[in-house]
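The exercises below are meant to be worked through with the structure in view. Try each task before reading the solution that follows.

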Amino acid sequence: MDRRPVPEAKNRLATFNDERSSIVDDVTSRVVGGRLRLAERSPDDSLEYVLNEVAFAEIQRLQKSSATRENKKRLARWHDLAHKLGQMTEFDKRRELESIVRYHAQDIAGNFNPRVFRFATDVLPPALSFLLNPISGLREGVRALGAMAEQIRIEGPIEQIQRCCERGTLVVTPTHSSNLDSIVLGFALDRVGLPPVTYGAGKNLFTNPFMSYFMENLGAYRVDRRMQFGLYKDVLKEYSTVLLERGYHSLFFPGGTRARSNKVETRLKLGLLGTTVSAMVNRSKAASEEIPRIYVVPVTINYRLVLEAETLIADYLEETGKSRYIIEDDEFSRIGRIVEFARKTLAHEGAAVLRFGAPLDAFGNKVDDEGESLDNRGHVLDPRGYLRDAGGSVVRDAQRDSVYTRVLGGKLSAAYRRDTVLMGTHIVARACLEVAHARTGIGDILRLMRLSESALAVPVEDLTSAVGQLREAISKQPENGILDIALKTLTPQEIVDQTLHFMSTYHAKRVLYQSGSHIRVGSMKLLYYYRNRCAHVRFHLNENSEAGR
(Lines give C-alpha, C1' and ligand atoms only; values in the text may rest on other atoms or scores of the structure.)
Protein backbone atom coordinates (compact mmCIF):
# COMPACT_ATOMS: atom_id res chain seq x y z
CA MET A 1 0.00 0.00 0.00
CA ASP A 2 1.53 3.34 -1.11
CA ARG A 3 1.86 5.99 1.53
CA ARG A 4 -0.80 8.72 1.48
CA PRO A 5 0.64 11.89 3.04
CA VAL A 6 -1.47 13.50 5.76
CA PRO A 7 -2.55 17.03 4.71
CA GLU A 8 -1.37 19.64 7.22
CA ALA A 9 -4.96 20.79 7.69
CA LYS A 10 -5.98 17.32 8.92
CA ASN A 11 -3.22 17.20 11.55
CA ARG A 12 -5.21 18.54 14.51
CA LEU A 13 -2.26 17.93 16.82
CA ALA A 14 -0.23 20.57 14.98
CA THR A 15 -2.04 23.23 17.04
CA PHE A 16 -1.87 21.37 20.36
CA ASN A 17 0.91 23.41 21.96
CA ASP A 18 -1.04 26.61 21.33
CA GLU A 19 -3.98 25.15 23.26
CA ARG A 20 -2.14 23.23 25.96
CA SER A 21 -2.53 25.86 28.67
CA SER A 22 -6.23 26.36 28.00
CA ILE A 23 -6.75 22.57 27.99
CA VAL A 24 -5.11 22.31 31.43
CA ASP A 25 -7.23 25.24 32.65
CA ASP A 26 -10.40 23.64 31.28
CA VAL A 27 -9.64 20.27 32.89
CA THR A 28 -8.79 21.88 36.24
CA SER A 29 -11.94 23.99 36.26
CA ARG A 30 -14.21 21.08 35.40
CA VAL A 31 -12.74 18.60 37.91
CA VAL A 32 -12.68 21.12 40.76
CA GLY A 33 -16.22 22.30 39.92
CA GLY A 34 -17.50 18.75 39.79
CA ARG A 35 -15.96 17.89 43.15
CA LEU A 36 -17.40 21.04 44.75
CA ARG A 37 -20.87 20.16 43.52
CA LEU A 38 -20.54 16.63 44.92
CA ALA A 39 -19.38 18.03 48.26
CA GLU A 40 -22.47 20.21 48.46
CA ARG A 41 -24.77 17.24 47.89
CA SER A 42 -23.17 14.60 50.11
CA PRO A 43 -21.03 14.65 53.29
CA ASP A 44 -19.35 11.47 52.04
CA ASP A 45 -17.89 13.51 49.17
CA SER A 46 -16.65 16.42 51.28
CA LEU A 47 -13.40 18.11 50.31
CA GLU A 48 -11.83 16.82 53.51
CA TYR A 49 -12.70 13.26 52.52
CA VAL A 50 -11.32 13.75 48.98
CA LEU A 51 -8.05 15.26 50.18
CA ASN A 52 -7.64 12.63 52.88
CA GLU A 53 -8.04 9.88 50.27
CA VAL A 54 -5.31 11.48 48.15
CA ALA A 55 -2.95 11.85 51.11
CA PHE A 56 -3.55 8.30 52.37
CA ALA A 57 -3.04 6.74 48.92
CA GLU A 58 0.17 8.68 48.33
CA ILE A 59 1.55 7.87 51.79
CA GLN A 60 0.87 4.18 51.18
CA ARG A 61 2.56 4.30 47.76
CA LEU A 62 5.61 6.27 48.84
CA GLN A 63 6.22 4.12 51.92
CA LYS A 64 6.61 1.15 49.57
CA SER A 65 8.87 3.05 47.15
CA SER A 66 12.62 3.48 47.29
CA ALA A 67 13.73 5.98 49.94
CA THR A 68 15.15 8.64 47.59
CA ARG A 69 15.47 12.24 48.70
CA GLU A 70 12.62 13.24 46.38
CA ASN A 71 10.34 10.51 47.70
CA LYS A 72 11.09 11.48 51.31
CA LYS A 73 10.18 15.08 50.47
CA ARG A 74 6.90 13.99 48.90
CA LEU A 75 6.09 11.68 51.80
CA ALA A 76 6.58 14.54 54.27
CA ARG A 77 4.30 16.74 52.16
CA TRP A 78 1.44 14.24 52.32
CA HIS A 79 1.93 13.52 56.03
CA ASP A 80 1.73 17.25 56.64
CA LEU A 81 -1.52 17.55 54.66
CA ALA A 82 -3.08 14.59 56.50
CA HIS A 83 -2.22 16.10 59.90
CA LYS A 84 -3.60 19.58 59.23
CA LEU A 85 -6.74 18.66 57.26
CA GLY A 86 -9.00 18.92 60.31
CA GLN A 87 -7.92 22.54 60.97
CA MET A 88 -8.10 23.77 57.35
CA THR A 89 -10.81 26.21 56.28
CA GLU A 90 -13.06 25.38 53.33
CA PHE A 91 -11.22 28.04 51.33
CA ASP A 92 -7.86 26.37 52.08
CA LYS A 93 -9.25 22.93 51.19
CA ARG A 94 -10.53 24.25 47.86
CA ARG A 95 -7.17 25.86 47.13
CA GLU A 96 -5.39 22.58 47.98
CA LEU A 97 -7.81 20.65 45.76
CA GLU A 98 -7.20 23.00 42.85
CA SER A 99 -3.44 22.77 43.33
CA ILE A 100 -3.48 18.94 43.23
CA VAL A 101 -5.78 18.81 40.22
CA ARG A 102 -3.73 21.36 38.25
CA TYR A 103 -0.48 19.55 39.08
CA HIS A 104 -1.80 16.26 37.69
CA ALA A 105 -3.43 17.91 34.66
CA GLN A 106 -0.09 19.49 33.75
CA ASP A 107 1.74 16.22 34.38
CA ILE A 108 -0.68 14.28 32.18
CA ALA A 109 -0.83 16.79 29.31
CA GLY A 110 1.29 15.89 26.32
CA ASN A 111 3.30 17.92 23.82
CA PHE A 112 3.49 17.97 20.02
CA ASN A 113 6.49 19.07 18.00
CA PRO A 114 5.76 19.35 14.24
CA ARG A 115 9.46 19.02 13.39
CA VAL A 116 9.76 15.76 15.31
CA PHE A 117 6.56 14.55 13.61
CA ARG A 118 7.99 15.29 10.14
CA PHE A 119 11.20 13.50 11.11
CA ALA A 120 9.26 10.52 12.43
CA THR A 121 7.12 10.21 9.30
CA ASP A 122 9.68 11.07 6.60
CA VAL A 123 12.95 9.69 7.97
CA LEU A 124 12.17 6.96 10.47
CA PRO A 125 10.12 4.56 8.26
CA PRO A 126 12.89 4.02 5.68
CA ALA A 127 15.52 4.01 8.42
CA LEU A 128 13.51 1.49 10.42
CA SER A 129 12.98 -0.58 7.29
CA PHE A 130 16.74 -0.57 6.78
CA LEU A 131 17.17 -1.74 10.36
CA LEU A 132 14.54 -4.46 10.10
CA ASN A 133 16.16 -6.19 7.15
CA PRO A 134 18.98 -8.67 7.85
CA ILE A 135 21.13 -7.20 5.06
CA SER A 136 24.50 -8.36 3.86
CA GLY A 137 25.56 -5.20 2.04
CA LEU A 138 24.68 -1.67 0.98
CA ARG A 139 22.85 -2.79 -2.18
CA GLU A 140 20.50 -4.97 -0.17
CA GLY A 141 20.09 -2.15 2.33
CA VAL A 142 19.03 0.32 -0.34
CA ARG A 143 16.45 -2.15 -1.63
CA ALA A 144 15.19 -2.49 1.93
CA LEU A 145 14.28 1.19 2.17
CA GLY A 146 10.52 1.63 2.03
CA ALA A 147 9.88 -2.08 2.57
CA MET A 148 7.95 -1.52 5.80
CA ALA A 149 4.71 -1.86 3.84
CA GLU A 150 5.61 -5.50 3.20
CA GLN A 151 6.70 -6.21 6.77
CA ILE A 152 3.65 -4.53 8.32
CA ARG A 153 0.51 -5.36 6.37
CA ILE A 154 -2.52 -3.09 6.70
CA GLU A 155 -6.06 -4.33 6.06
CA GLY A 156 -9.63 -3.14 6.51
CA PRO A 157 -12.13 -0.50 5.27
CA ILE A 158 -9.57 2.30 5.04
CA GLU A 159 -11.55 4.54 2.66
CA GLN A 160 -14.62 4.47 4.91
CA ILE A 161 -12.48 5.43 7.92
CA GLN A 162 -10.91 8.27 5.92
CA ARG A 163 -14.36 9.66 5.12
CA CYS A 164 -15.34 9.42 8.79
CA CYS A 165 -12.15 11.29 9.68
CA GLU A 166 -13.14 14.10 7.33
CA ARG A 167 -16.53 14.42 9.07
CA GLY A 168 -15.56 14.01 12.70
CA THR A 169 -13.15 12.84 15.38
CA LEU A 170 -11.62 9.36 15.42
CA VAL A 171 -11.11 7.24 18.52
CA VAL A 172 -8.80 4.40 17.52
CA THR A 173 -9.18 1.41 19.86
CA PRO A 174 -6.59 -1.32 19.21
CA THR A 175 -5.81 -4.57 20.92
CA HIS A 176 -2.65 -4.44 23.02
CA SER A 177 0.05 -7.10 22.86
CA SER A 178 3.33 -5.19 22.97
CA ASN A 179 4.86 -1.85 23.80
CA LEU A 180 5.69 -1.70 20.10
CA ASP A 181 1.97 -1.33 19.36
CA SER A 182 1.91 2.47 19.40
CA ILE A 183 4.92 2.62 17.05
CA VAL A 184 3.47 0.11 14.60
CA LEU A 185 0.04 1.75 14.71
CA GLY A 186 1.54 5.21 14.21
CA PHE A 187 3.30 3.92 11.09
CA ALA A 188 0.03 2.40 9.83
CA LEU A 189 -1.99 5.59 10.38
CA ASP A 190 0.58 7.62 8.47
CA ARG A 191 0.77 5.01 5.71
CA VAL A 192 -2.97 5.17 4.97
CA GLY A 193 -3.22 8.96 5.22
CA LEU A 194 -4.90 9.21 8.62
CA PRO A 195 -3.77 11.97 11.01
CA PRO A 196 -1.68 11.39 14.13
CA VAL A 197 -3.54 10.66 17.36
CA THR A 198 -3.01 11.54 20.98
CA TYR A 199 -2.83 8.59 23.35
CA GLY A 200 -2.13 7.69 26.95
CA ALA A 201 1.15 5.92 27.66
CA GLY A 202 2.21 4.42 30.97
CA LYS A 203 4.61 6.77 32.71
CA ASN A 204 7.06 3.92 33.12
CA LEU A 205 7.56 3.88 29.34
CA PHE A 206 9.02 7.38 29.45
CA THR A 207 12.09 5.96 31.19
CA ASN A 208 13.28 4.50 27.86
CA PRO A 209 15.39 7.40 26.49
CA PHE A 210 14.84 6.57 22.82
CA MET A 211 11.09 6.00 23.08
CA SER A 212 10.46 8.84 25.52
CA TYR A 213 11.88 11.40 23.08
CA PHE A 214 9.24 10.56 20.51
CA MET A 215 6.39 10.04 22.96
CA GLU A 216 7.07 13.39 24.60
CA ASN A 217 6.98 15.17 21.25
CA LEU A 218 4.23 13.34 19.36
CA GLY A 219 1.17 13.93 21.51
CA ALA A 220 1.38 11.08 24.01
CA TYR A 221 0.06 11.95 27.45
CA ARG A 222 1.38 10.38 30.61
CA VAL A 223 -0.72 7.90 32.59
CA ASP A 224 0.68 7.16 36.05
CA ARG A 225 -0.85 3.82 37.02
CA ARG A 226 0.63 4.13 40.50
CA MET A 227 -1.98 6.80 41.28
CA GLN A 228 -4.85 4.86 42.81
CA PHE A 229 -7.01 7.66 44.21
CA GLY A 230 -10.24 8.68 42.54
CA LEU A 231 -9.29 12.32 41.98
CA TYR A 232 -6.46 11.31 39.62
CA LYS A 233 -8.86 9.19 37.57
CA ASP A 234 -11.21 12.17 37.37
CA VAL A 235 -8.41 14.32 35.94
CA LEU A 236 -7.38 11.66 33.44
CA LYS A 237 -10.94 11.13 32.17
CA GLU A 238 -11.65 14.86 31.96
CA TYR A 239 -8.43 15.40 30.00
CA SER A 240 -9.54 12.79 27.47
CA THR A 241 -13.03 14.30 27.30
CA VAL A 242 -11.69 17.80 26.64
CA LEU A 243 -9.42 16.53 23.86
CA LEU A 244 -12.30 14.76 22.13
CA GLU A 245 -14.55 17.82 22.45
CA ARG A 246 -11.87 19.90 20.78
CA GLY A 247 -11.57 17.46 17.91
CA TYR A 248 -8.28 15.77 18.76
CA HIS A 249 -8.17 12.27 17.30
CA SER A 250 -7.38 9.85 20.11
CA LEU A 251 -6.21 6.33 20.78
CA PHE A 252 -7.31 4.14 23.70
CA PHE A 253 -6.21 0.61 24.55
CA PRO A 254 -9.51 -0.70 25.99
CA GLY A 255 -7.73 -3.80 27.29
CA GLY A 256 -5.73 -1.52 29.60
CA THR A 257 -2.30 -3.09 29.81
CA ARG A 258 -0.75 -5.59 27.42
CA ALA A 259 -2.55 -8.94 27.17
CA ARG A 260 -0.20 -11.03 29.28
CA SER A 261 -1.80 -14.34 28.29
CA ASN A 262 -2.00 -13.31 24.59
CA LYS A 263 -5.71 -14.12 24.54
CA VAL A 264 -7.91 -11.79 22.53
CA GLU A 265 -9.21 -9.18 24.96
CA THR A 266 -12.78 -9.61 26.14
CA ARG A 267 -12.78 -7.96 29.58
CA LEU A 268 -12.27 -4.33 28.62
CA LYS A 269 -11.56 -1.37 30.88
CA LEU A 270 -14.23 1.17 30.04
CA GLY A 271 -13.01 4.25 31.93
CA LEU A 272 -11.43 6.22 29.09
CA LEU A 273 -13.77 4.66 26.55
CA GLY A 274 -16.63 6.27 28.45
CA THR A 275 -15.21 9.70 27.64
CA THR A 276 -16.48 9.29 24.07
CA VAL A 277 -20.06 9.46 25.37
CA SER A 278 -19.18 12.32 27.75
CA ALA A 279 -17.69 14.29 24.85
CA MET A 280 -20.78 13.58 22.74
CA VAL A 281 -23.01 14.95 25.51
CA ASN A 282 -20.95 18.12 25.90
CA ARG A 283 -20.63 18.73 22.16
CA SER A 284 -24.34 18.05 21.60
CA LYS A 285 -25.29 20.56 24.30
CA ALA A 286 -23.02 23.16 22.72
CA ALA A 287 -24.01 22.51 19.09
CA SER A 288 -27.14 24.02 17.58
CA GLU A 289 -27.74 22.31 14.24
CA GLU A 290 -24.67 20.29 13.27
CA ILE A 291 -24.52 16.73 14.57
CA PRO A 292 -21.24 16.11 16.44
CA ARG A 293 -19.41 13.09 15.08
CA ILE A 294 -17.16 10.81 17.09
CA TYR A 295 -16.21 7.52 15.46
CA VAL A 296 -14.77 4.53 17.31
CA VAL A 297 -12.46 2.41 15.16
CA PRO A 298 -11.52 -1.08 16.43
CA VAL A 299 -8.09 -2.33 15.34
CA THR A 300 -6.40 -5.67 15.89
CA ILE A 301 -2.61 -5.66 16.00
CA ASN A 302 -1.39 -9.13 15.15
CA TYR A 303 2.21 -10.29 15.47
CA ARG A 304 3.74 -13.53 14.33
CA LEU A 305 6.11 -13.25 17.31
CA VAL A 306 5.83 -10.84 20.26
CA LEU A 307 8.84 -8.98 21.62
CA GLU A 308 7.96 -9.35 25.31
CA ALA A 309 6.29 -12.78 25.11
CA GLU A 310 8.61 -14.49 27.61
CA THR A 311 8.15 -11.86 30.32
CA LEU A 312 4.41 -11.47 29.75
CA ILE A 313 3.51 -15.15 29.93
CA ALA A 314 5.80 -15.72 32.93
CA ASP A 315 4.05 -12.89 34.75
CA TYR A 316 0.62 -14.23 33.79
CA LEU A 317 1.38 -17.77 34.98
CA GLU A 318 3.10 -16.66 38.17
CA GLU A 319 0.25 -14.49 39.37
CA THR A 320 -2.74 -15.96 37.47
CA GLY A 321 -4.78 -12.83 37.67
CA LYS A 322 -2.70 -11.01 40.28
CA SER A 323 -0.06 -9.67 37.93
CA ARG A 324 2.39 -6.93 38.74
CA TYR A 325 0.33 -4.71 36.44
CA ILE A 326 3.30 -2.45 35.67
CA ILE A 327 6.26 -4.38 34.25
CA GLU A 328 9.32 -2.16 34.12
CA ASP A 329 12.03 -4.69 33.34
CA ASP A 330 10.81 -6.55 30.26
CA GLU A 331 12.40 -6.88 26.83
CA PHE A 332 11.08 -3.48 25.73
CA SER A 333 13.23 -1.74 28.35
CA ARG A 334 16.41 -2.95 26.62
CA ILE A 335 17.24 -1.31 23.29
CA GLY A 336 19.42 -4.26 22.25
CA ARG A 337 16.48 -6.67 22.51
CA ILE A 338 14.29 -4.34 20.44
CA VAL A 339 16.91 -4.20 17.68
CA GLU A 340 17.41 -7.97 17.79
CA PHE A 341 13.66 -8.55 17.62
CA ALA A 342 13.31 -6.14 14.71
CA ARG A 343 16.08 -7.67 12.65
CA LYS A 344 15.13 -11.29 13.29
CA THR A 345 11.33 -11.20 13.21
CA LEU A 346 9.84 -8.01 11.78
CA ALA A 347 12.19 -8.34 8.81
CA HIS A 348 9.96 -11.03 7.32
CA GLU A 349 7.05 -10.15 5.06
CA GLY A 350 3.75 -10.06 6.96
CA ALA A 351 5.46 -10.22 10.38
CA ALA A 352 2.74 -7.92 11.70
CA VAL A 353 -0.79 -7.39 10.40
CA LEU A 354 -2.92 -4.42 11.42
CA ARG A 355 -6.55 -4.94 10.62
CA PHE A 356 -8.87 -1.96 10.94
CA GLY A 357 -12.46 -2.87 11.72
CA ALA A 358 -15.64 -1.16 10.58
CA PRO A 359 -16.09 2.17 12.40
CA LEU A 360 -18.84 2.60 14.98
CA ASP A 361 -20.47 5.67 16.45
CA ALA A 362 -20.02 6.52 20.15
CA PHE A 363 -22.98 4.27 21.05
CA GLY A 364 -21.79 1.18 19.19
CA ASN A 365 -24.00 1.64 16.11
CA LYS A 366 -22.68 0.81 12.67
CA VAL A 367 -22.12 3.74 10.32
CA ASP A 368 -22.53 3.85 6.55
CA ASP A 369 -19.86 4.73 3.99
CA GLU A 370 -20.49 8.43 4.58
CA GLY A 371 -20.30 8.20 8.37
CA GLU A 372 -24.03 8.35 9.12
CA SER A 373 -25.17 6.34 12.15
CA LEU A 374 -27.48 3.42 11.39
CA ASP A 375 -30.07 1.64 13.50
CA ASN A 376 -30.51 -2.14 13.56
CA ARG A 377 -32.61 -1.99 10.38
CA GLY A 378 -30.01 0.01 8.49
CA HIS A 379 -31.90 3.31 8.68
CA VAL A 380 -30.02 6.58 9.26
CA LEU A 381 -30.48 7.99 12.77
CA ASP A 382 -29.43 11.08 14.71
CA PRO A 383 -27.13 9.85 17.53
CA ARG A 384 -28.16 12.81 19.70
CA GLY A 385 -31.45 10.99 20.24
CA TYR A 386 -29.64 8.75 22.74
CA LEU A 387 -28.90 11.80 24.89
CA ARG A 388 -32.27 13.56 25.01
CA ASP A 389 -34.75 13.49 27.88
CA ALA A 390 -38.52 13.21 27.53
CA GLY A 391 -38.70 16.89 26.66
CA GLY A 392 -36.18 16.60 23.83
CA SER A 393 -33.28 18.30 25.60
CA VAL A 394 -29.75 16.87 25.65
CA VAL A 395 -28.93 16.03 29.27
CA ARG A 396 -26.17 14.37 31.25
CA ASP A 397 -27.09 11.08 32.89
CA ALA A 398 -24.16 9.12 34.36
CA GLN A 399 -26.12 5.88 34.79
CA ARG A 400 -27.51 5.98 31.26
CA ASP A 401 -24.14 6.83 29.76
CA SER A 402 -22.43 3.96 31.59
CA VAL A 403 -24.90 1.57 29.92
CA TYR A 404 -24.05 3.04 26.51
CA THR A 405 -20.35 2.56 27.25
CA ARG A 406 -20.87 -1.10 28.22
CA VAL A 407 -22.75 -1.66 24.96
CA LEU A 408 -19.88 -0.07 23.03
CA GLY A 409 -17.41 -2.26 24.92
CA GLY A 410 -19.36 -5.36 23.93
CA LYS A 411 -19.27 -4.31 20.29
CA LEU A 412 -15.51 -3.83 20.48
CA SER A 413 -14.99 -7.25 22.07
CA ALA A 414 -16.92 -8.88 19.22
CA ALA A 415 -14.93 -6.87 16.67
CA TYR A 416 -11.62 -7.95 18.22
CA ARG A 417 -12.50 -11.62 17.86
CA ARG A 418 -13.90 -11.17 14.36
CA ASP A 419 -10.91 -9.17 13.10
CA THR A 420 -8.09 -11.04 14.83
CA VAL A 421 -5.70 -12.38 12.19
CA LEU A 422 -4.68 -15.91 13.13
CA MET A 423 -1.10 -16.55 12.07
CA GLY A 424 1.01 -19.66 11.70
CA THR A 425 2.52 -19.43 15.18
CA HIS A 426 -0.96 -19.32 16.74
CA ILE A 427 -2.37 -22.19 14.71
CA VAL A 428 0.62 -24.52 15.04
CA ALA A 429 0.85 -23.88 18.81
CA ARG A 430 -2.86 -24.62 19.30
CA ALA A 431 -2.68 -27.72 17.10
CA CYS A 432 0.41 -29.01 18.91
CA LEU A 433 -1.24 -28.74 22.33
CA GLU A 434 -4.42 -30.36 21.03
CA VAL A 435 -2.38 -33.35 19.85
CA ALA A 436 -0.54 -33.41 23.18
CA HIS A 437 -3.89 -33.47 24.99
CA ALA A 438 -5.02 -36.43 22.89
CA ARG A 439 -1.79 -38.40 23.36
CA THR A 440 -1.37 -37.84 27.10
CA GLY A 441 -5.02 -37.87 28.13
CA ILE A 442 -4.40 -34.70 30.15
CA GLY A 443 -7.15 -32.24 29.32
CA ASP A 444 -6.19 -29.42 31.67
CA ILE A 445 -3.70 -27.08 30.03
CA LEU A 446 -1.97 -26.08 33.28
CA ARG A 447 -1.51 -29.72 34.30
CA LEU A 448 -0.10 -30.47 30.86
CA MET A 449 2.38 -27.63 31.27
CA ARG A 450 3.79 -29.26 34.40
CA LEU A 451 5.08 -32.17 32.33
CA SER A 452 8.72 -32.16 31.39
CA GLU A 453 9.20 -30.45 28.03
CA SER A 454 11.50 -33.27 26.93
CA ALA A 455 8.67 -35.74 27.56
CA LEU A 456 6.42 -34.14 24.95
CA ALA A 457 7.02 -35.33 21.42
CA VAL A 458 4.33 -34.98 18.74
CA PRO A 459 4.56 -36.98 15.51
CA VAL A 460 4.97 -34.65 12.54
CA GLU A 461 2.10 -36.22 10.63
CA ASP A 462 -0.24 -35.84 13.63
CA LEU A 463 0.64 -32.17 13.97
CA THR A 464 0.24 -31.59 10.24
CA SER A 465 -3.20 -33.22 10.32
CA ALA A 466 -4.25 -31.10 13.31
CA VAL A 467 -3.10 -27.91 11.57
CA GLY A 468 -5.22 -28.81 8.53
CA GLN A 469 -8.26 -29.48 10.71
CA LEU A 470 -7.81 -26.26 12.68
CA ARG A 471 -7.45 -24.20 9.52
CA GLU A 472 -10.71 -25.67 8.26
CA ALA A 473 -12.44 -24.92 11.59
CA ILE A 474 -11.28 -21.29 11.46
CA SER A 475 -12.69 -20.87 7.95
CA LYS A 476 -16.13 -21.89 9.26
CA GLN A 477 -16.11 -19.42 12.18
CA PRO A 478 -15.79 -15.90 10.72
CA GLU A 479 -16.94 -14.47 14.05
CA ASN A 480 -13.79 -15.87 15.69
CA GLY A 481 -11.06 -14.58 13.43
CA ILE A 482 -9.50 -14.44 10.01
CA LEU A 483 -6.85 -16.78 8.68
CA ASP A 484 -3.67 -14.94 7.75
CA ILE A 485 -3.78 -14.51 3.98
CA ALA A 486 -0.23 -15.81 3.74
CA LEU A 487 -1.40 -19.24 4.98
CA LYS A 488 -4.28 -19.75 2.59
CA THR A 489 -2.16 -21.06 -0.29
CA LEU A 490 0.20 -23.16 1.85
CA THR A 491 -0.25 -26.84 2.62
CA PRO A 492 -0.48 -27.79 6.32
CA GLN A 493 3.02 -29.25 6.08
CA GLU A 494 4.34 -25.98 4.66
CA ILE A 495 2.64 -24.06 7.48
CA VAL A 496 4.37 -26.29 10.04
CA ASP A 497 7.78 -25.98 8.36
CA GLN A 498 7.52 -22.21 8.03
CA THR A 499 6.34 -21.78 11.61
CA LEU A 500 9.14 -23.92 13.04
CA HIS A 501 11.58 -21.62 11.27
CA PHE A 502 9.99 -18.47 12.64
CA MET A 503 9.80 -19.92 16.15
CA SER A 504 13.56 -20.43 16.15
CA THR A 505 14.54 -16.90 15.06
CA TYR A 506 14.18 -14.72 18.14
CA HIS A 507 13.30 -16.26 21.51
CA ALA A 508 16.13 -17.44 23.74
CA LYS A 509 14.62 -20.94 23.64
CA ARG A 510 13.14 -22.51 20.53
CA VAL A 511 9.41 -22.81 21.02
CA LEU A 512 9.15 -25.95 18.86
CA TYR A 513 11.73 -27.87 16.90
CA GLN A 514 11.85 -31.01 14.79
CA SER A 515 13.78 -34.06 15.90
CA GLY A 516 13.50 -36.85 13.36
CA SER A 517 9.84 -37.72 12.79
CA HIS A 518 8.67 -35.82 15.87
CA ILE A 519 8.13 -32.22 16.92
CA ARG A 520 9.50 -31.44 20.37
CA VAL A 521 8.70 -28.62 22.75
CA GLY A 522 11.50 -26.21 23.63
CA SER A 523 9.42 -23.82 25.72
CA MET A 524 6.05 -24.89 27.05
CA LYS A 525 5.31 -21.41 28.37
CA LEU A 526 5.80 -19.79 24.97
CA LEU A 527 3.87 -22.55 23.25
CA TYR A 528 0.97 -21.84 25.61
CA TYR A 529 1.32 -18.09 24.98
CA TYR A 530 1.03 -18.37 21.20
CA ARG A 531 -1.69 -21.00 21.45
CA ASN A 532 -3.82 -18.58 23.48
CA ARG A 533 -4.31 -16.23 20.54
CA CYS A 534 -6.73 -18.69 18.96
CA ALA A 535 -7.91 -20.37 22.18
CA HIS A 536 -11.42 -18.99 21.56
CA VAL A 537 -11.82 -20.88 18.26
CA ARG A 538 -14.14 -23.86 18.67
CA PHE A 539 -12.14 -26.93 17.77
CA HIS A 540 -12.21 -30.65 18.52
CA LEU A 541 -9.39 -32.80 17.17
CA ASN A 542 -10.47 -35.72 15.00
CA GLU A 543 -7.63 -38.21 15.26
CA ASN A 544 -8.97 -40.15 12.27
CA SER A 545 -9.17 -37.12 9.98
CA GLU A 546 -7.23 -37.11 6.73
CA ALA A 547 -6.95 -33.30 6.72
CA GLY A 548 -3.36 -32.25 6.23
CA ARG A 549 -2.02 -35.72 5.56
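The model shown here is a predicted one. Its protein chain has 21 helices and 13 strands, and buried residues make up 55% of its 549 residues. Of the contacts in the chain with a separation of 6 or more, 76% are between residues 24 or more positions apart.

**Exercise 1. Helix α16**

Work out whether the span of α16 agrees with its number of residues, and decide whether Thr405 is buried or exposed.

Solution. Begin with the helix itself, which covers residues 398–419 and includes Thr405. The expected span is 1.5 Å times one less than the number of residues, so the 22 residues of α16 should span 32 Å, and the distance of 31 Å between the end C-alpha atoms agrees with this. At the start of the helix, a side-chain oxygen of Asp397 comes to within 3.2 Å of the backbone nitrogen of Gln399.

Turn next to Thr405, whose relative accessibility is 6%. Because the cut-off for buried is under 20%, Thr405 counts as buried. Beyond residues up to four places away in sequence, Thr405 touches Leu270, Leu273, Gly274 and Val277. Other buried residues of α16 include Arg400, Tyr404, Leu408 and Leu412.

**Exercise 2. Arg396, ahead of α16**

Find which residues Arg396 is in contact with, leaving aside its neighbours within four places in sequence, and decide whether Arg396 is buried or exposed.

Solution. First locate Arg396, which sits in the loop between β8 (360–361) and α16. Its relative accessibility is 58%, so Arg396 counts as exposed, since the cut-off for exposed is over 50%. Then look for partners: apart from neighbours within four places in sequence, Arg396 is in contact with Val281, Asn282 and Lys285. With Asn282 there is a polar contact between the two side chains, at 2.8 Å. Finally, compare sequence with space, where Arg396 and Ser278 are 118 residues apart along the chain but 8.1 Å apart from C-alpha to C-alpha.

**Exercise 3. Two packed helices**

Determine how α14 and α21 are oriented to each other, and describe by class the residues that make their contact.

Solution. Two packed helices are described by the angle between their axes and the distance between the axes. Helix α14 (residues 309–319) and helix α21 (residues 524–531) pack at about 90°, with axes 9 Å apart. Angles of 65 to 115 degrees count as roughly perpendicular, and α14 and α21 are therefore roughly perpendicular to each other. From α14 the contact takes in Ala309, Glu310, Leu312, Ile313, Tyr316 and Leu317, while α21 supplies Lys525, Leu526, Tyr528, Tyr529 and Tyr530. Sorted by class, this contact has nine nonpolar, no polar and two charged residues.

**Exercise 4. Two buried residues**

Decide whether Thr425 is buried or exposed, find which backbone oxygen its side chain reaches, and then describe the place of Asn262.

Solution. Thr425 belongs to helix α17 (residues 424–440), and with a relative accessible area of 1% it is buried. The side chain of Thr425 reaches the backbone oxygen of Arg304 at 2.7 Å. Apart from neighbours within four places in sequence, the contacts of Thr425 are Arg304, Leu305, Thr499, Met503 and Tyr530.

Asn262, by contrast, is placed in the loop between β5 (250–251) and α13 (275–286). At 2% relative accessibility, Asn262 also counts as buried. Its phi is near 75°, which is a positive value in a residue other than glycine.

Key:
Residues are numbered from 1 along each chain as its sequence is written. This is a predicted model: local features need pLDDT of at least 70, side-chain atom pairs count only at pLDDT 80 or more; totals for chains, interfaces and linings use all residues. Side-chain values use heavy atoms; hydrogens and water are left out. Helices (H or I, at least four residues) and strands (E, at least two) are DSSP runs, numbered from the N terminus. Buried means under 20% relative accessible area, exposed over 50%, partly exposed in between (1.4 Å probe, protein chains only). Contact means heavy atoms within 4.5 Å. A polar contact is a pair of N or O atoms within 3.5 Å; within protein, one must be able to donate a hydrogen and the other to accept it, and residues adjacent in sequence count only if both atoms are side-chain atoms. Axes are lines fitted to C-alpha atoms, for helices over the stretch in contact, and angles run from 0 to 180 degrees between N-to-C directions. Angles under 35 degrees count as roughly parallel, over 145 as roughly antiparallel, 65 to 115 as roughly perpendicular and the rest as oblique. Ala, Val, Leu, Ile, Met, Phe, Trp, Tyr, Cys and Pro count as nonpolar, Asp, Glu, Lys and Arg as charged, and the others, Gly among them, as polar.
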